[in-house]
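Biologist: Got a minute to walk me through this one? I'd like to start with the sheets and then move on to how the pieces touch.

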Amino acid sequence: MAFLDVANLEAFYGPIQALHGISFSLEQGGITTILGANGAGKTTTLRAICGMVKTNGQVSFDGESIAGKKTEKIVRYGVAHVPEGRGTFVRVSTEDNLRLGAYSRRDAGAVAEDMERVYGYFPRLKERRNQQAGTLSGGEQQMLAVGRALMLRPRLMLLDEPSFGLAPLIVQELFEILRVINQEEGVSMLLVEQNANLALNLADHAYLLETGRVVISGTSEEISSDETVRQSYLGY
Amino acid sequence: MPDISMVELVQQVLGGLATGAIYACIALSVVMIYQAIDHFNFAQGEMAMFSAFITWQMIDWGANYWVAFFVCIALSFIGGMAIERIIFAPLRNAPVFTHIVVFIALFQIFNAGAGYIWEFTIREFPSPFPERLPFDTTLIGPHDLGMMAVVLIMLGLIFLFFRFTPVGLAMRAAAAAPDSARLVGISVGMMLALGWGLAAAIGAVGGMMIAPVVYLEPNMMLGILLYGFAGAVVGGLTSPGGAVLGGFMMGVIEPVAGMFIGSELKLTVALVVIVTILIFRPSGMFGRVVVQRV
């Protein structure tokens, strides 16, 4: 069984069905991306894995079924979700945001080390450690969101459009750090992106969603060379 | 303008601060719950009254005042949590009017419940403070001074709790951004229940402290609730510190206005001050202007 195994996953917003039985899997240590147009169900897929929407179907993480569990319980398995809109706690300091990321941990010493590690990846956050997080720039808040997720010592990170609204240079920097986190710390990643080029560059596997269904899947190379994907999502 | 001595003014201000401390308790309770669930708890005063009755009962049975005081705080805390878990957790996404009806029902349940159990007669409630201060002063009475001290100590502890403990931080996070809070592993439901527990406990302290002044009876908190609300609104419903300050202000404005303008108009003047502040600062003195996300 794969590290993350999703089978026949359906998701509902009230009476509206957003996912129509999608199945995919992710290997430990890998980066998988979910591509698709607006409204295809990318964000919903991440929310469904985290128990933030009503779902049917199976989700298993490292051999344990997490479908139907509460979000705050799923997090404790080591699943860190970097949500759409960054989910910053705007009224507290940058450092308190990171502290909150480690809320479910009880190993205070290791938490302090991890905070330094996050500051190592993102020195800008250290400069702004006592600043109210709501006053950070968009790029800094995205770094904070990734940093907050790292504070969980996650085994799997769910990243929802980390490039959204950021300047190209910042995006490049951020994706480089994500690659380092994946390679050096072995954190598996499930990445949702509008920017298909960017995503395929980072990921090893990809799935293409259309209106709540998986239509194509394969390695990043296969997907990059797929005629439909190239024309519709990569634009050449 | 009537002839007013400095001593008289200081007396009125200190007395006002003492009553204001109680308004501040209620204002803080109301704001804590408002921040968590976006609704005004009309029953906050009645919950405090009920707590005061419980203390009275324990003392009547022979308990030491301070033992009864702390047991009452613990019971109120548990009761507040139970109210959230049993009644408000299922109403999480209910419309505004559902909440209003439930708050009114709670109000009536506590009010009539206290009347049924302890009767509607007015009772004396003991003050835990000595009848004489260890030093000579005509500026403030012993109960007023003691009540102010107790409330200030409590407010200080609550500030420290929210500012410096992980659970306090988690409670603030859960109230401000519930979805993000869940994503870091915070049980938002548990934090809401803790918030209700704390609010009930703070109200209980206010109720027990003011009971010797207004006497114990089921309707004792009515006026105090109104001033507490006003304090919360003037201070800013989004700012616990502002609400506390607003509560103290309410306590001081009324007696001082009474001195200068006469007791017939003191309430009117207090209200004019409130309305004036709100005209210039519609979200209260320390409230954030809420921008609706679309």
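Modeller: Sure. Keep in mind that this is a predicted model. One open sheet in chain A has four strands in the order β2-β1-β4-β5, and the pairing is antiparallel.

Biologist: Which are the edge strands there?

Modeller: β2 and β5 (64-65) of chain A, each of which pairs on one side only.

Biologist: Which helix packs on that sheet?

Modeller: Helix α1 (residues 42-49) of chain A, which touches β1, β2 and β4 of chain A. The direction of α1 makes about 75° with that of β2(A).

Biologist: How many bridges are there between β1 and β2 of chain A?

Modeller: Eight bridges, in the antiparallel sense, between β1 (residues 4-13) and β2 (residues 16-26) of chain A. To find the register, look at A:Leu9, which stands opposite A:Ile22 in β2(A). The hairpin these strands make has two residues between them, and A:Gly14 takes a positive phi near 60° there.

Biologist: And how many bridges on the other side, between β1(A) and β4?

Modeller: Seven, again antiparallel, with β4 covering residues 54-61 of chain A. A:Asp5 has A:Ser60 as its bridge partner in β4(A), and A:Ala11 stands opposite A:Thr55.

Biologist: OK, next sheet. What is the strand order in the open sheet of six strands?

Modeller: In chain A the order is β6-β7-β8-β3-β9-β10, and the pairing is mixed. β6 (79-82) and β10 (213-219) stand at the edges with a single partner strand each, so one side of each has no neighbour in the sheet. On average, neighbouring strands are turned by 15° against each other, direction ignored.

Biologist: Is β8(A) mostly covered or mostly open?

Modeller: Mostly covered: β8 (residues 188-192) of chain A has five of its five residues buried.

Biologist: Which of those residues point which way?

Modeller: A:Ser188, A:Leu190 and A:Val192 point one way, while A:Met189 and A:Leu191 point the other way, and all are buried. That fits the general pattern, because side chains in a regular strand alternate between the two faces of the sheet.

Biologist: What does β8(A) pair with, and in which sense?

Modeller: It pairs with β7 (residues 156-160) of chain A in the parallel sense over five bridges, and four bridges join β8(A) to β3(A), also parallel. For landmarks, the bridge partner of A:Met157 in β8(A) is A:Met189, and that of A:Thr33 is A:Leu191.

Biologist: How many bridges join β3 to β9 in chain A?

Modeller: Five, between β3 (residues 31-36) and β9 (residues 205-210) of chain A, and the strands run parallel. A:Leu35 has A:Leu208 as its bridge partner in β9(A).

Biologist: Changing topic: how is chain A divided into domains?

Modeller: Into domain 1 (4-78 + 154-234) and domain 2 (92-153). Their C-alpha centres lie 23 Å apart. The contact takes 13 residues from domain 1 and 11 residues from domain 2 of chain A.

Biologist: Which helix gives the largest share on the domain 1 side?

Modeller: Helix α7 (residues 168-185) of chain A, with four residues. By class, that side of domain 1 has 10 nonpolar, two polar and one charged residues.

Biologist: And how many residues are in contact between chains A and B?

Modeller: 18 residues of chain A are in contact with 15 residues of chain B. On the chain A side, α2 (71-75) and α3 (94-101) are the elements that give two or more residues, and the largest share, four residues, comes from α3(A). That side has seven nonpolar, five polar and six charged residues.

Biologist: What about the largest nonpolar core? Which residues touch the most other members?

Modeller: Of its 159 residues, those are A:Leu158, B:Ala21, B:Ala27, B:Val151 and B:Ala174. Helix α8 (residues 188-214) of chain B gives the most, with 18 residues. Both domains of chain A give residues to this core, so it lies between them.

Biologist: What do the buried residues of α6(B) pack against?

Modeller: α3 of chain A, together with α1 (6-37), α5 (142-164), α7 (178-183) and α8 of chain B. The buried residues of α6 (residues 166-176) of chain B include B:Leu169, B:Met171, B:Arg172 and B:Ala174.

Note on methods: Residues are numbered from 1 along each chain as its sequence is written. Chains are lettered from A and ligands numbered from 1 in the order in which they are written. This is a predicted model: local features need pLDDT of at least 70, side-chain atom pairs count only at pLDDT 80 or more; totals for chains, interfaces and linings use all residues. Two residues are in contact if their C-beta atoms, placed from the backbone, lie within 7 Å. Ala, Val, Leu, Ile, Met, Phe, Trp, Tyr, Cys and Pro count as nonpolar, Asp, Glu, Lys and Arg as charged, and the others, Gly among them, as polar. Two strands pair if DSSP finds at least two bridges between them. Axes are lines fitted to C-alpha atoms, for helices over the stretch in contact, and angles run from 0 to 180 degrees between N-to-C directions. Domain bounds come from an automatic or database domain assignment. A nonpolar core is a set of buried Ala, Val, Leu, Ile, Met, Phe, Trp, Tyr and Cys residues joined through C-beta atoms within 7 Å. A residue is buried if 20 or more other C-beta atoms lie within 10 Å of its own, exposed if 12 or fewer, and partly exposed in between; C-beta atoms are placed from the backbone.
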